[in-house]
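Here is a short briefing to read alongside the model. Please keep the sequence and the 3D view open as you go.

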Amino acid sequence: MSSVALLARPGLSIAPAAATGRVMAFLDHFAGVFTLLSLTAVVVCGLAATDRLVLTPRLRVAVQSVHRASAVAALGFLAIHIAVKVVERHAAPQTAVVPFTGGTALAVSTGTIAADLLVLISATGVLRGRFAGRRPWLWRVLHSTAYACWPISLTHGLTAGRTAHAWVLWGYGLCAAVVALALLVRALSYLGRHRARSRHSARAYRPAAVRPAVLAALSTRSTRSTGTRPAAWPAGPTTTGRQSAPVAGAAKQPKHAKRPGSRPLRLAQPGKTE
């Protein structure tokens, strides 16, 4: 029985080693691919979350949730990808942080640059609330580095390591097409909003057409409210009882508008009765 147990122990130790080797080989082949796919989802969802022509507010919130979840997945796959490459001695530990160190090739250094940009993008996404009140433009600039991170990571995937299979190339091409479509939708949405704002501003500040009839009605209302007489009306009676001559072309006043002239005051003399 002891001999059987001794013979069985090497087999038990070989099985976990073989499983570990298979897992490492799988991660070596596909961890980087999963990182690129997650980063593609981050870029596409980030572009789609700003659309207001097609998506409703609820759909925009859902797309933003997918955007954040994809960023977390991209960071996880990136950490696994770097750890596998360092363990297998395909890259030096310092190369995973600082590009162009350790005598690595340009293709590996591009991957390091993409990894640093991905970490920066994720950090700005987490700290968005601190940039909103003080410097929102700085947050937009830092977070927009995703547009540079994605093509750099795509270049790293195509040039670094082994020769890619045909289905990998088709997959990268599909990712590029999806990102290009998202950029096109974003551009069209921006142009549509810009045109709508320009039309609204033009309508809001366009002066109204001046109509003579409206101006005449406003002038008559103003004269009635202030009580002033037009220049064509004849002047009223004076204190001496004489009326001024009517202005030529003036309309004749009605009878009730005429006022009797004031009579001169006569003092009674003593000894005389009227």
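Which residues in the largest nonpolar core touch the most other members? They are Leu 118, Cys 149, Trp 150 and Tyr 172, out of 22 residues in that core. A nonpolar core here is a set of buried Ala, Val, Leu, Ile, Met, Phe, Trp, Tyr and Cys residues joined through side-chain atoms within 4.5 Å.

This is a predicted model, in which local features need pLDDT of at least 70 and side-chain atom pairs count only at pLDDT 80 or more, while totals for chains, interfaces and linings use all residues. Residues are numbered from 1 along each chain as its sequence is written, and side-chain values use heavy atoms, with hydrogens and water left out.

**Overall fold**

- The protein chain has eight helices and zero strands; both are DSSP runs numbered from the N terminus, with helices being H or I over at least four residues and strands E over at least two.
- Buried residues make up 21% of the 274 residues in the chain, where buried means under 20% relative accessible area, exposed over 50% and partly exposed in between (1.4 Å probe, protein chains only).
- Among contacts between residues at least 6 apart in sequence, 59% join residues at least 24 apart; a contact means heavy atoms within 4.5 Å.
- The accessible surface comes to about 20,500 Å², and carbon and sulfur atoms account for 66% of that; such areas come from the Shrake-Rupley method with a 1.4 Å probe, and for residues only the protein chains shown count as cover.

**The nonpolar core**

- Helices H1 (2–48), H2 (57–87), H3 (106–126), H6 (146–159) and H7 (166–204) each supply at least two residues of the largest core.
- H1 provides the largest share of this core, with six residues.
- Trp 150 is in contact with Leu 36, Leu 39, Thr 40, Val 43, Cys 175, Ala 176 and Val 179, leaving aside its neighbours within four places in sequence.

**The largest pocket**

- The largest pocket has a volume of about 1,100 Å³, a volume being the space filled by probe spheres set on grid points that are joined across faces, edges and corners.
- On a 1 Å grid over the protein atoms alone, a pocket is an open set of points where a 1.4 Å probe fits, with protein on both sides within 12 Å along at least five of seven lines, and lining residues have an atom within 4 Å of a point.
- Of the 31 lining residues, Gly 46, His 67, Arg 128, Trp 139 and His 143 are the closest to the pocket's centre.
- H2 gives the most to this lining, with seven residues.

**Two residues to look at**

- Leu 158 is found in helix H6 and is partly exposed, with a relative accessible area of 42%.
- Not counting residues up to four places away in sequence, Leu 158 touches Leu 169 and Tyr 172, and the C-alpha atoms of Leu 158 and Tyr 172 are separated by 8.5 Å.
- Arg 89 lies in the loop between H2 and H3, where it is exposed at 77% relative accessible area.
- Phi of Arg 89 is near 60 degrees, a positive value in a residue other than glycine.

**Confidence**

- The mean pLDDT (the predictor's confidence in each residue, from 0 to 100) is 74 for the chain, and 65% of its residues reach 70 or more.
- Among the elements, H2 has the highest mean pLDDT, 91, and helix H8 (residues 212–226) the lowest, 65.
- Over residues 1–8, pLDDT stays under 50, and the model has zero contacts there beyond four places in sequence.
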